[in-house]
Every structure is written in structure tokens, then in C-alpha cells.
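Good morning, and thank you for coming. I should like to take you through one structure today, and I ask you to keep it in view as I speak.

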Amino acid sequence: MDKWKAKRWYTILTPTIFEGRPLCELVAAEDEQLLNRIVRTSLADLGLGGASQVAMFTSLRFRITDIKGTTANTKLIGHEIAPSYLKTFARRGRSLIHQVVDIKTTDGVLVRIKVLAVTGARVSENTMRNLRATLVKDVLTLASAVKFDEMMGDILYGRFVSNLYSSLKKITKMKRVEVRKSEVKEVFT
């Protein structure tokens, strides 16, 4: 028998945060070949985020968790904004702050969030320290008060960075704040 004919097409669906939309179709001979596979797509390809520039450069990562018939369900395990897009923020006379914060949401999901903050002008080390401390405090406060799906929705649709931006601009003039990457800390047994 032909190996290709023995394979089936599976429809991969997004989690409920994205209304269970079809993500893609994959081919496999057995269900076990799809389990735990990572599927990537952009926010714009899902039809979310409108025609914004950030949506085109934001890639989402989903892990296939279970399969029922020829449909496979996924869970969101993180996102990343393309480094080429982030490099456009780096200009002469500005300071860039990269900060990594590990948080735990109310539903017990451990997430690593990587934030990029760009100031309007070059700032002193003392101001950088104050910005970092405020950034860490605000990320912990915002993220630990909500469930994972709600937090990721806030990150992807800009509400999360809007809150960070408004608190950072009280310290100094800010140009941009972005959550450049989020990763769920997964444990496999």
C-alpha cells in the first residue's frame, strides 16, 4: 500500500481565546505524530489585529494538545515580535531597556515575558534602574491578577503595553513599549 494514501488530513483549530478558528491543515499517518507538535502563524494570518503593522510582525506559537477525529485542538504557548521590526525602534540618542520577567497567572501558568522599552532620549543609569524597577513591578502586578488567556489577549491587543507605557512615561519621556516575546514554561513527563 502507498504510504501517502495511508495518511489523513487534520484540521488544526485555535484555542477558545481565538474563537476556535481553523489554523491550518496538516497531514499525518497517525494521531500520535501530531501530538505536542508546534504550529506557528502570524496574528495577521488569523485575521486578528486588523491591518496593523505589529500584527504582521507578530508570530504566535500553538502546541497541539489533543485530537478528536480529524480535528486537533491547540493551546497558545507564546508569541514573538520579529526582531527586524524591533530594530526599527533603535535610534541614536535613545536608550533601550530589555527586561525579562517570570510571572505566574491566577490559573497557575508560569510565563516568561520579555519587554522592550524605548526612551525618547538617552537617560542616565539611575533613570534606567528606576524604569526597570517600575517595569518589573507593573508586569508582576498586571499579569499575576488575571488568567493566562486574558493576559495573552491583553498583550496581543496592546492593552498590557498601554498600561506599562502610561506608568513609565511618568518617569521619563518614552517612545515605545512592546512585549517582544512571551513563553509558557512547559513541563513534559
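Before I turn to the pocket, one term has to be fixed: Ala, Val, Leu, Ile, Met, Phe, Trp, Tyr, Cys and Pro count as nonpolar, Asp, Glu, Lys and Arg as charged, and the others, including Gly, as polar. Please bear in mind also that this is a predicted model.

With those classes, the lining of the largest pocket comprises 9 nonpolar, 5 polar and 1 charged residues. The volume of this largest pocket is about 200 Å³. Which residues lie nearest its centre? Of the 15 lining residues, they are Val-54, Ile-155, Leu-156, Gly-158 and Glu-178. At least two lining residues come from each of α1 (53-57), β5 (71-81), α4 (148-156) and β8 (174-184).

Let me now set this in the overall fold. The protein has 5 helices and 8 strands, and their order along the sequence is β-β-β-α-β-β-α-β-β-α-α-α-β. The C-alpha trace spans about 70 × 35 × 25 Å along its principal axes.

I turn next to a pair of helices. Helix α3, residues 125-143, packs with helix α5, residues 159-168, at an angle of about 145°, and their axes are 10 Å apart. The crossing of α3 past α5 is right-handed. On the α3 side, the contact involves Leu-131, Thr-134, Leu-135, Asp-138, Val-139, Leu-142 and Ala-143; these meet Phe-160, Asn-163, Leu-164, Ser-167 and Leu-168 of α5. By class, the residues of this contact are 8 nonpolar, 3 polar and 1 charged.

Finally, the charged pairs. Side chains of opposite charge can pair when their charged atoms come close. The structure holds 12 salt bridges, and one of them joins Arg-112 to Asp-102, with 2.7 Å between the closest N and O atoms. Arg-112 lies in strand β7 (residues 110-119) and Asp-102 in strand β6 (residues 96-104), so this pair ties together parts that are 10 residues apart in sequence.

Key: Residues numbered from 1 in each chain as written. Predicted model: local features only at pLDDT ≥ 70, side-chain atom pairs only at ≥ 80, totals over all residues. Heavy atoms only, no water. Axes fitted to C-alpha atoms, helices over the stretch in contact; angles between N-to-C directions. Helix = DSSP H or I, 4+ residues; strand = E, 2+ residues; numbered from the N terminus. Left-handed = near helix turned anticlockwise from the far one by under 90°. Contact = heavy atoms within 4.5 Å. 1 Å grid on protein atoms, 1.4 Å probe; cavity = no way out; pocket = protein on both sides within 12 Å on 5 of 7 lines; lining within 4 Å. Points joined across faces, edges and corners; volume = space filled by probe spheres on them. Salt bridge = Lys/Arg side-chain N within 4 Å of Asp/Glu carboxyl O.
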